[in-house]
Amino acid sequence: MHLLRFDAEAAWLAAVASLWRDRLRTTPALTMCLPSGATPARVYAEMVRSHRAGLVSFAGARVFVLDEFGGLAADDPGGTRNTLQRQLLDGVDLPAAAFHALDPDHADVARHCADFETAFGGGIDLMVLGIGLNGHLGMNEPGSEADSVTRRVELHPGTILSSARYFTHGNLPHWGLTVGLRAILAAKEVWVLANGAGKAPIVKRTVRGPIGVDNPASLLRRHPNCALIVDADAAAMLFPFDF
Ligand code: PGA
């Protein structure tokens, strides 16, 4: 795992966007798996600005959602699909058919999840992740197996509580569908994005704690091409020798 630390959040944001533009220029047919959440929102806004400035195109790329909440109305603005659509896809040139979402209301969820994995078959080139306060990746909560597949999962109570900021109502989802750790760990390149002081303890645990399913993010320490990209606040509990 590589650690990239930026003193200011603005520098963190600029760096992530710059790296992302570079990947899309180098590999226009980039297959990406993307999260919703507070962390990537400003990165998406920066990518929309980059596209409008003519600096980057998503025209040849593919995007898969990382997860989706269950039990929501299809048009709930807090859902992963709708969030990605609004924050990123409405502002860039990705063809609609190249956006693959998970449907928790599907009549045969197990088959739907298997088909979703088949669709990205050759693998994910770029996996972009936030990190949960308990180390979850997507909705792979602690205890998820390293070879877990795309599937239905139950959310931990803390995850349910912290999801309240995504929704304008109190009907917080307690389950969802998520890409599994197998595909996350098999991605060619993984970025874990974290900013703000709230993430400092889990960033420390991820970098220096034990590697194991109790902290899914720690499993990425064994990934050959994973970058943990943090601002100073999220890195505040690390030491210089960690970098
Ligand atoms: P956040 O969520 O980006 O909203 O902090 C990250 C996560 O819980 O996976």
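## A tour of the ligand and two pockets

Start by selecting Thr-39 together with the ligand: a polar atom in the Thr-39 side chain sits 2.5 Å from one of the ligand's oxygen atoms. Keep in mind as you look around that this is a predicted model.

Next, click on His-136. An N or O atom of its side chain is 2.7 Å from an oxygen atom of the ligand. Then go to Arg-165, where a polar side-chain atom lies 3.0 Å from a ligand oxygen. Turn on the surface here: on its own the ligand would expose 280 Å², and the protein buries 89% of that.

Now show the whole shell. Besides those three stops, Gly-37, Ala-38, Ile-131, Gly-132, Tyr-166 and Lys-199 surround the ligand. By class, the shell has three nonpolar, four polar and two charged residues.

Hide the ligand and look at the space it takes, which is the largest pocket. Its volume is about 480 Å³. It is lined by 26 residues, with Ile-131, Gly-132, His-136, Arg-165 and Tyr-166 closest to the centre. Colour helix 2 (38-52), strand 4 (67-69) and helix 5 (157-162), since each gives at least two residues to this lining. The lining has ten nonpolar, 13 polar and three charged residues.

Last stop: the second largest pocket, with about 210 Å³ of space. Select Glu-68, Ala-73, Ala-74, Leu-102 and Pro-104, which lie nearest its centre among 16 lining residues. Strand 4 turns up again here, and along with helix 3 (80-87) it supplies two or more residues of the lining. This lining splits into seven nonpolar, four polar and five charged residues.

Technical notes: Residues are numbered from 1 along each chain as its sequence is written. This is a predicted model: local features need pLDDT of at least 70, side-chain atom pairs count only at pLDDT 80 or more; totals for chains, interfaces and linings use all residues. Side-chain values use heavy atoms; hydrogens and water are left out. A residue is near a molecule or strand if one of its heavy atoms lies within 4 Å of it. A polar contact is a pair of N or O atoms within 3.5 Å; within protein, one must be able to donate a hydrogen and the other to accept it, and residues adjacent in sequence count only if both atoms are side-chain atoms. Accessible areas come from the Shrake-Rupley method with a 1.4 Å probe; for residues, only the protein chains shown count as cover. On a 1 Å grid over the protein atoms alone, a cavity is a set of points where a 1.4 Å probe fits but cannot get out, and a pocket is an open set with protein on both sides within 12 Å along at least five of seven lines; lining residues have an atom within 4 Å of a point. A molecule sits in a cavity or pocket if more than half of its atoms lie within 2 Å of its grid points. Ala, Val, Leu, Ile, Met, Phe, Trp, Tyr, Cys and Pro count as nonpolar, Asp, Glu, Lys and Arg as charged, and the others, Gly among them, as polar. Grid points are joined across faces, edges and corners, and a volume is the space filled by probe spheres set on the points. Helices (H or I, at least four residues) and strands (E, at least two) are DSSP runs, numbered from the N terminus.
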